[in-house]
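Got your viewer open and the cartoon showing? Let's walk through a few selections, one after another.

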Amino acid sequence: MARYQNVRGTRDILPGESERWHLVEELARETFGRYGFREIRTPVMEPTDLFVRSVGASTDIVRKEMFTLEMGGDSMTLRPEGTAPTVRAFIQAGLDRVAGGDRLYYIGPMFRYERPQKGRQRQFHQIGVEVLGSDDPLVDAETIEMLLYMLERLEVSGTKLALNSVGDRACRPAFREALREFLGPRLQRLCPDCQRRYEENPLRVFDCKVERCAEEIAAAPAMLDYLCEGCRAHFEAVRSYLDGYGVAYEVNPRMVRGLDYYVRTAFEILSEGLGAQNSLMGGGRYDGLIGELGGKDIPGFGWALGVERLLMVMPSRVAGRPAGPEVLVAPLGPASRPAAAIAARALRRAGLRVLLEGGDRSLTASLRRADRLGAARVLVLGEREIASGQALVRDMRTGEQRMVPIAELARLAEEKVREA
Ligand code: HAM
């Protein structure tokens with residue numbers, strides 16, 4: 001029989017690793033709650049056009065990275081990101097008409113057909129937040145501060161915050177023209193992708209990874225020099241709020257981000273520990289997107305982090321809560337099994353994680369298994385024990401063994417759970 005393998009660019013998250021995922025997810029939920037965010041869950045599939053309209057037809061994501069299915073005359077795409085689906089659901093539920101807007105977060109898999117390498121997968125996971133309905137620059141700073149607080153709680157260090165303003169619909173056209181003018185005479189020396197970008201959306205040349213292109217555009221004009229009054233004031237305000245929080249950042253006038261919906265604030269958090277794929281998370285403001293997708297024209301701001309990348313830079317001492325059994329119940333011989341099953345149930349109801357050993361295992365095999373799973377105690381129930389109304393409890397750490405009345409097990413376990 002052929003042995004199946006997971007699809008290229010995907011990964012299994014096995015027990016032993018999933019505990020750290022829980023830790024990150026729980027800490028994220030808890031942190032977001034403190035800032036007034038609530039969870040939204042949307043399908044992993046959306047109409048293809050949703051991403052074309054929002055992420056942008058000239059982006060790498062839409063041009064070559066979407067998993068698109070054509071079925072029954074419909075075109076559906078596995079979500080490559082979470083902002084457009086969140087906005088779609090928000091509008092569909094009529095929440096864009098509720099005064100004050102909303103603060104939403106999501107956790108889940110995203111899909112991009114990229115060349116897999118360290119820190120880059122085809123199915124990866126994002127934790128993202130979206131603030132819908134406010135154009136206040138304090139929201140930008142507060143939401144970035146929340147992100148840094150979360151990283152701090154996860155003991156992630158060695159990160160850098162890169163900040164830029166990419167202007168808005170008022171000031172970007174002039175910048176686009178200035179950039180075209182600059183690129184025109186250099187066009188022949190740019191890669192074919194950049195030549196196409198020049199035609200479609202010249203800002204995307206800043207995404208180019210080709211070294212020769214990077215050299216050619218080193219002296220290109222910067223959006224920051226073309227900001228209109230509103231964008232300039234917004235950027236200054238975001239900066240001063242960040243300064244107020246004591247948050248360190250670097251202004252990077254070259255950073256445009258790989259999605260078209262951004263206006264004004266754009267930012268990324270880079271981590272030394274990640275290697276070539278050094279972007280741990282990114283986000284920004286997307287005023288105009290909600291209106292563009294058919295909702296009321298209210299502003300938005302958000303970010304998303306890659307969970308796989310986060311786990312790569314989280315110190316290993318930040319481990320999740322162990323999920324394995326605390327107690328392994330080992331019946332010795334078939335006649336002991338009913339009593340063992342009842343004892344296991346009582347312990348579970350008292351709040352312990354219990355594995356009831358099945359089959360006809362020897363005590364040695366059960367002890368070895370308990371050891372491998374990290375169970376603190378083994379409860380041995382043989383016919384002799386049951387007849388005397390006692391169970392043998394072995395402490396796996398010290399090897400100490402003692403007899404405990406079976407009728408008292410649940411009470412003792414409850415006390416232990418309350419102590420913990
Ligand atoms: P993004 O920068 O495309 O932004 O993705 C955010 C994060 O997802 C990246 O910084 C990275 O950690 C992770 N990521 C992206 N692609 C991959 C991949 N192939 N493998 C592993 N991790 C990956 C967005 O998606 C925006 N929706 C963020 C946002 C929310 N903006 C406003 N609101």
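Start by selecting Arg-377 and Asp-395: Asp-395, in strand S15 (residues 390-395), is the bridge partner of Arg-377. Strands here are DSSP E runs of at least two residues, and helices are H or I runs of at least four, numbered from the N terminus. This is a predicted model, where local features need pLDDT of at least 70 and side-chain atom pairs count only at pLDDT 80 or more, while totals for chains, interfaces and linings use all residues. Residues are numbered from 1 along each chain as its sequence is written, and side-chain values use heavy atoms, with hydrogens and water left out.

Now widen the selection to both strands. S14 and S15 pair in the antiparallel sense over four bridges; pairing requires that DSSP finds at least two bridges between the strands. Add strand S12 (residues 327-331), which pairs with S14 in the parallel sense over five bridges. To see one of those links, pick Pro-331 and its bridge partner in S14, Leu-381.

Why is S14 (residues 377-381) largely enclosed by the rest of the structure? Four of its five residues are buried, so the surroundings cover most of it. Buried means under 20% relative accessible area, exposed over 50%, and partly exposed in between, with a 1.4 Å probe and protein chains only.

Next, jump to Pro-85 in helix H4 (residues 83-92). Pro-85 is buried, at a relative accessible area of 0%. Show its contacts (heavy atoms within 4.5 Å): leaving aside neighbours within four places in sequence, they are Thr-42, Glu-46, Leu-50, Phe-51 and Arg-79. For a sense of scale, put a distance label from the C-alpha of Pro-85 to that of Glu-415, 330 residues apart along the chain: it should read 47 Å.

Stay there for the cavities. A cavity is a set of points on a 1 Å grid over the protein atoms alone where a 1.4 Å probe fits but cannot get out, and lining residues have an atom within 4 Å of a point. Points are joined across faces, edges and corners, and a volume is the space filled by probe spheres set on them. There are two cavities of 30 Å³ or more.

Pro-85 helps line the second largest, together with Ile-40, Thr-42, Arg-79, Gly-82, Thr-86, Tyr-106 and Met-110. H4 and strand S5 (102-111) each give two or more residues to that lining. The volume of this second largest cavity is about 30 Å³.

Last stop: the largest cavity, about 40 Å³. Select its lining residues, including Asn-164, Phe-175, Phe-206 and Met-223.

Methods:
1 Å grid on protein atoms, 1.4 Å probe; cavity = no way out; pocket = protein on both sides within 12 Å on 5 of 7 lines; lining within 4 Å.
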